[in-house]
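Student: I would like a close look at one part of this model, its nonpolar core, together with the strands, rings and charged side chains that belong to the same picture. Could you take me through that part in one connected account?

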Amino acid sequence: MKYEWEMEDIRVGRRVESPNRSEQYMIGYDPSSISSNNLILVSLLDGMMTTSSISKGNMAIHFNECKMIPMSLDEELK
């Protein structure tokens with residue numbers, strides 16, 4: 001399945017997965033950052049967090065490049 005990410009799709013708490021490996025992530029945020037570029041990814045496997053925060057737009061670009069998909073698309077469409 002192909003999913004095209006847009007900025008509006010990026011929100012804290014949303015879970016995503018990579019179709020080519022068994023990695024699952026949750027979109028989180030860095031509370032120490034007061035800018036809108038404070039989003040991070042948290043691995044649901046081991047709790048690893050990305051070290052740098054990014055914006056919704058850059059996260060959408062990254063997800064599209066990596067072919068990430070929502071973990072529960074059926075629930076997202078309700």
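Tutor: What follows goes from the core to the sheet, then to the aromatic rings, and then to some residues that deserve separate mention.

The model is predicted, and side-chain atom pairs are counted only at pLDDT 80 or more, so the contacts described below should be read as properties of a computed model.

The largest nonpolar core has 13 residues, and the members that touch the most other members are Trp5, Ile10, Ile27, Met59 and Phe63. Three elements, β2 (24–29), β3 (39–43) and α1 (56–65), each supply at least two residues of this core, and the most is given by α1, with three residues.

Two of these core members can be taken in turn, beginning with the one in the sheet. Isoleucine 27 is placed in strand β2, and its relative accessibility of 1% makes it count as buried, since the cut-off for that class is under 20%. Leaving out residues up to four places away in sequence, isoleucine 27 touches Ile10, Arg11, Val12, Gly13 and Arg14, then Leu39, Ile40 and Leu41, and also Met59 and Phe63. Methionine 59, for its part, touches Ile10, Ile27, Leu39, Ile40, Leu41 and Ile54, again not counting residues up to four places away in sequence. The C-alpha atoms of isoleucine 27 and methionine 59 are separated by 9.4 Å, although the two residues are 32 residues apart along the chain.

The strand that carries isoleucine 27 is part of an open sheet of four strands, ordered β3-β2-β1-β4 and paired in the antiparallel sense. Its edge strands are β3 and β4, each of which pairs on one side only. Despite that edge position, β3 is mostly covered, with four of its five residues buried. Between β2 and β3 the antiparallel pairing runs over five bridges; within this register, glycine 28 has isoleucine 40 of β3 as its bridge partner, and tyrosine 25 stands opposite serine 43 in β3.

The aromatic residues add a second layer to the same region. A search of the whole structure finds two aromatic pairs. In one, tyrosine 3 and tryptophan 5 are edge-to-face, with 4.8 Å from centre to centre and 65° between the planes, and both of these residues are buried. In the other, the rings of tryptophan 5 and phenylalanine 63 have centres 4.8 Å apart and planes at 65°, so this pair is edge-to-face as well. Because tryptophan 5 lies in the segment before β1 while phenylalanine 63 belongs to helix α1, the pair ties together parts that are 58 residues apart in sequence. Both tryptophan 5 and phenylalanine 63 are buried, and Tyr3, Trp5 and Phe63 form one aromatic cluster.

A charged residue also comes into contact with this cluster. Aspartate 9 is placed in the segment before β1 (15–17), and, leaving aside neighbours within four places in sequence, it is in contact with Tyr3, Glu4 and Arg14. Aspartate 9 is buried yet has no salt bridge, the nearest side chain of opposite charge being arginine 14 at 4.3 Å; that distance fails the salt-bridge cut-off of 4 Å, so arginine 14 is counted as a contact of aspartate 9 but not as a salt-bridge partner.

Two residues in loops complete the account. Methionine 71 is found in the loop between β4 and α2 (73–76), and at 23% relative accessibility it counts as partly exposed. Not counting residues up to four places away in sequence, methionine 71 touches Arg15, Val16, Glu17, Gln24, Tyr25 and Leu44, while its C-alpha atom is separated by 9.1 Å from that of serine 18, 53 residues apart from it along the chain. Lysine 67 sits in the loop between α1 and β4 (69–70); it has a positive phi of about 60° although it is not a glycine, and with a relative accessible area of 59% it is exposed.

Key: Residues numbered from 1 in each chain as written. Predicted model: local features only at pLDDT ≥ 70, side-chain atom pairs only at ≥ 80, totals over all residues. Heavy atoms only, no water. Core = buried A, V, L, I, M, F, W, Y, C linked by side-chain atoms within 4.5 Å. Buried < 20%, exposed > 50% of the residue type's maximum accessible area, 1.4 Å probe, protein only. Contact = heavy atoms within 4.5 Å. Lys, Arg positive; Asp, Glu negative; His and termini not counted. Phe/Tyr/Trp six-rings, centres within 6.5 Å; stacked < 30°, edge-to-face > 60°. Pairing = 2+ DSSP bridges.
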